[in-house]
Amino acid sequence: MNIWNVIRTFFNAEIEKMKVDEYYFPMFVTRDSLEKEKDHTQGFAPEVAWVTRAAACMTHGDDKGLVFPPKVAPVQVVVIHVPIKGAADYQELCDACEAVESTLLGAGIRAEADIRDNYSCGWKYADQELTGVPLRIETGPRDLANDQVRIVTRDNGAKMDVKRGDLIEQVKDLLEKIQSNLYDVAKRKVEECTQKVETWDEFVEALSQKKLILAPWCDKVEVEKDVKRRTRGDETGGGGGGAKTLCTPLEQPELGEETLCFASGKPPKKWSYWGRSY
């Protein structure tokens, strides 16, 4: 196994240097097949296969486009040259961008130089923001003269000038900070919209506020169907479809001796997350 890991690491690095893009090929599975999987696989939610990718985009995206966490970003850094119209150092700027790209690739950072001459810098900046590349590096005549580059972060738009000699260290540090910041922001959002309940009345109130609800449940299919029926439409003041189970947390809160299923009043088997389909 260790030999295989060494081989895989070597080829991954070489393939990235060749700028071979990774593509995800969708596997089309019918809804009936997913429903059958639910019947014999405990805890399987057929909806997960349909919404996982969209949820990732919605969690970190903003009005400008995608915001990819660095660890899963196809391209972590885009390098863009910023030429001055009519200047004689255009090719020098292109060469500098490709040199920065090569340096980053050599350090194991997924980088790409954008030296297309048929698009303006502003267009390229917008494209980088739309596609969610975590970092943008700009190189202009002044940067060349000062042996530096300008780095712009995608998550908060912060800008900084960095010496070429400190580039690798600074880029790696920024990527780690962006990863941590995106996680903290997403975690805070989830915590703010999550509510723990134990009774039906508390459940209905939280549902009307469009909360993600953690509730004790007896784990009976007929009870879930009844909850969906009772919460469908405007009956609970929230509109939309009926509430249903979303997933079961691995870290389970303690079930007290007096705790009952919020919907049936029977002894609960676990805590589960619930939500409404809109």
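Which side chains meet in a salt bridge at 3.2 Å, N to O? Asp173 and Lys177 form this pair, and the views below show it together with other parts of the predicted model.

**Figure 1. A salt bridge within helix α7 joins Asp173 and Lys177.** Side chains of opposite charge can pair when their charged atoms come close. The two residues are four positions apart in helix α7, so about one helical turn separates them. Asp173 is partly exposed, with a relative accessibility of 31%. Lys177 has a relative accessible area of 52% and is exposed, because the cut-off for this class is over 50%.

**Figure 2. Helix α9 holds a salt bridge between Asp226 and Arg230.** The N to O distance of this pair is 3.3 Å. Helix α9 covers residues 221-230, and its residues Asp226 and Arg230 are four apart, about one turn of the helix. Asp226 is partly exposed at 26% relative accessible area, and Arg230 is also partly exposed, at 25%. Elsewhere, Asp114, Arg116 and Lys124 are joined into one network by salt bridges that share partners. The count of salt bridges comes to 11.

**Figure 3. Five strands form an open sheet with mixed pairing.** The strands are arranged in the order β2-β1-β3-β4-β5. Strands β2 (111-114) and β5 (159-163) stand at the edges; each has a single partner strand, so one side of each is left without a neighbour in the sheet. On average, neighbouring strands are turned by 25 degrees against each other, direction ignored.

**Figure 4. Strands β1 and β3 run parallel and are joined by five bridges.** Strands of a sheet pair through backbone hydrogen bonds, either parallel or antiparallel. Strand β1 spans residues 77-81 and strand β3 spans residues 135-139. Ile80 has Glu138 in β3 as its bridge partner. The side chain of Glu138 also meets that of Arg136 in a salt bridge of 2.9 Å, N to O. Both Arg136 and Glu138 are buried.

**Figure 5. Helix α4 lies across four strands, β1, β2, β3 and β4.** Strand β4 comprises residues 148-153. The helix runs at about 165 degrees to β1.

**Figure 6. Helix α4 meets helix α7 in a right-handed crossing.** The axes of α4 (residues 90-106) and α7 (residues 167-192) come within 10 Å and cross at roughly 65 degrees. Val100, Thr103 and Leu104 in α4 meet Leu167, Ile168 and Val171 in α7. Of the residues in this contact, five are nonpolar, one is polar and none is charged.

Terms used. Residues numbered from 1 in each chain as written. Predicted model: local features only at pLDDT ≥ 70, side-chain atom pairs only at ≥ 80, totals over all residues. Heavy atoms only, no water. Axes fitted to C-alpha atoms, helices over the stretch in contact; angles between N-to-C directions. Left-handed = near helix turned anticlockwise from the far one by under 90°. Contact = heavy atoms within 4.5 Å. Nonpolar A, V, L, I, M, F, W, Y, C, P; charged D, E, K, R; others polar. Pairing = 2+ DSSP bridges. Salt bridge = Lys/Arg side-chain N within 4 Å of Asp/Glu carboxyl O. Buried < 20%, exposed > 50% of the residue type's maximum accessible area, 1.4 Å probe, protein only.
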